[in-house]
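The following exercises concern one protein model with a ligand. Each task is followed by a solution that proceeds step by step.

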Amino acid sequence: MSTVSTSIAPAAAPARTSAPADNTSFSVDFSDIGRSFTAKPERGAARGSTVAPRPVLRDVSLTVQPGEVLAILGTSGCGKSTLLRIAGGLDEPSTGSIRIDGSPLNGIDARCAVGFQEPRLLPWRTIADNVALGLPRRIGRAEGKSRVAALLELVGLTSFADHRPRAVSGGMAQRASLARALARNPGVLLLDEPFGALDALTRLKMQDLLLDVHAAAPTTILLVTHDVDEALQLADRIILLGADDDADDMAGGRTGATIVQELVVPGGRPRDRGSAELAELRGRLLAGLGIDRHGQARGVAATHTIPHFPY
Ligand SMILES: Nc1ncnc2c1ncn2[C@@H]1O[C@H](COP(=O)(O)OP(=O)(O)OP(=O)(O)O)[C@@H](O)[C@H]1O
Ligand SMILES: [Mg+2]
């Protein structure tokens with residue numbers, strides 16, 4: 001489906017249809033999610049003194065449909081990773097609840113898989129063995145082996161199966177990490193800036209790969225990204241987290257971030273990056289992020305630098 005090769009090294013081109021066949025995608029329901037963190041009292045503070053909880057997220061209500069790709073944008077520190085961690089059962093909301101496929105989420109859930117900005121591979125294991133770490137517990141040896149082989153083919157790493165992580169590039173390590181996340185056929189794939197540490201070209205190729213993976217096994221994807229164009233290229237829908245009172249950021253910041261914009265991205269994928277429709281959406285999102293049409297953040301000359309959330 002894509003025109004850009006997903007191979008960044010002399011690896012076999014990824015197959016388009018070799019993902020495990022039993023993939024199921026699930027809905028994710030966020031209902032009135034709030035999250036506050038309580039900091040420890042500062043050094044020297046009076047004994048027994050308490051610090052008020054600091055709200056990070058509030059009133060986040062959203063339903064992600066099965067198979068949908070939802071991008072989560074927002075200024076640095078606004079709570080994107082916190083929301084994703086809550087969706088994966090890695091953190092608990094202070095208020096509200098989460099349902100996956102209609103049933104409540106209680107802690108880490110085998111229906112979800114998480115991918116991070118860094119590949120987090122075990123250096124002493126081969127690429128294939130790292131991917132195998134993502135397999136469900138009770139899978140048979142032969143089935144596990146064939147599933148790993150299919151995933152390595154999907155991400156174009158078949159000929160690197162026996163390499164150690166140090167012997168592959170950053171993009172290849174990230175592809176292995178994606179394959180590991182897919183190994184258990186997650187109904188929900190949670191990705192926290194998965195391509196953030198990659199160079200621009202590798203990043204574009206990884207975006208293409210993610211589209212291929214989703215076409216082969218259309219799991220529900222929640223993708224946290226700082227990159228507006230990445231969100232526009234990959235997502236069916238984009239939410240922007242932030243303070244909901246632009247006129248008074250500080251006050252809004254103290255009450256925690258919530259969904260301040262929600263956009264449906266029209267058109268099938270891959271999309272024409274230069275289309276007028278996407279340009280209009282890009283402008284709206286950048287404005288929501290506090291960046292003007294010259295790419296300047298709050299009057300500072302810093303192209304596409306997303307400002308920090310005002311705490
Ligand atoms: N376990 C924790 N304890 C205390 N504060 C936390 C904890 N986890 C997150 N926070 C705070 O919550 C806020 C939101 O953090 P989060 O990592 O979700 O932001 P983010 O939007 O992902 O930022 P970035 O774009 O920089 O990754 C930050 O101020 C952070 O310090
Ligand atoms: Mg984050």
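**Exercise 1.** In which crossing, left-handed or right-handed, does H4 pass H5?

*Solution.* The model examined here is predicted. In it, the crossing in which H4 passes H5 is right-handed. Five residues of H4, namely Gly171, Gln174, Arg175, Leu178 and Leu182, make the contact with Thr202, Lys205, Met206, Leu209 and Val213 of H5. By class, the residues of this contact of H4 with H5 comprise five nonpolar, three polar and two charged.

**Exercise 2.** Determine how the directions of the two helices are related.

*Solution.* Step one is to state what must be found: two packed helices are described by the angle between their axes and the distance between the axes. Step two supplies the values: helix H4 (residues 170–182) and helix H5 (residues 200–216) pack at an angle of about 20 degrees, and their axes are 11 Å apart. Step three applies the cut-off: angles under 35 degrees count as roughly parallel. H4 and H5 are therefore roughly parallel to each other.

**Exercise 3.** Describe the surroundings of ligand 1.

*Solution.* There are 11 residues around ligand 1, and those that come nearest are Phe37, Ser76, Lys80, Ser81 and Thr82. Helix H1 (residues 80–87) gives the most to this shell, with three residues. Sorted by class, the shell around ligand 1 holds four nonpolar, six polar and one charged residues.

**Exercise 4.** Compare the span of H8 with its expected value, and examine the residue just after H8.

*Solution.* Helix H8 (residues 276–288) has 13 residues. From its first C-alpha to its last, H8 reaches 19 Å, close to the 18 Å expected at 1.5 Å a residue. Just after H8, Gly290 has a positive phi of about 85 degrees.

**Exercise 5.** Identify backbone exceptions to the following rule: most residues other than glycine have a negative phi, and most peptide bonds are trans.

*Solution.* Asp32, a residue other than glycine, has a positive phi near 50 degrees. Asp32 lies in strand E1 (residues 28–37). The peptide bond from Arg269 to Pro270 is cis, its omega being near 0 degrees. Pro270 belongs to the loop between strand E10 (258–264) and H8.

Technical notes:
Residues numbered from 1 in each chain as written. Chains lettered and ligands numbered in written order. Predicted model: local features only at pLDDT ≥ 70, side-chain atom pairs only at ≥ 80, totals over all residues. Near = placed C-beta within 6 Å. Helix = DSSP H or I, 4+ residues; strand = E, 2+ residues; numbered from the N terminus. Nonpolar A, V, L, I, M, F, W, Y, C, P; charged D, E, K, R; others polar. Axes fitted to C-alpha atoms, helices over the stretch in contact; angles between N-to-C directions. Parallel < 35°, antiparallel > 145°, perpendicular 65-115°, else oblique. Left-handed = near helix turned anticlockwise from the far one by under 90°. Contact = placed C-beta atoms within 7 Å. Expected span 1.5 Å × (residues − 1).
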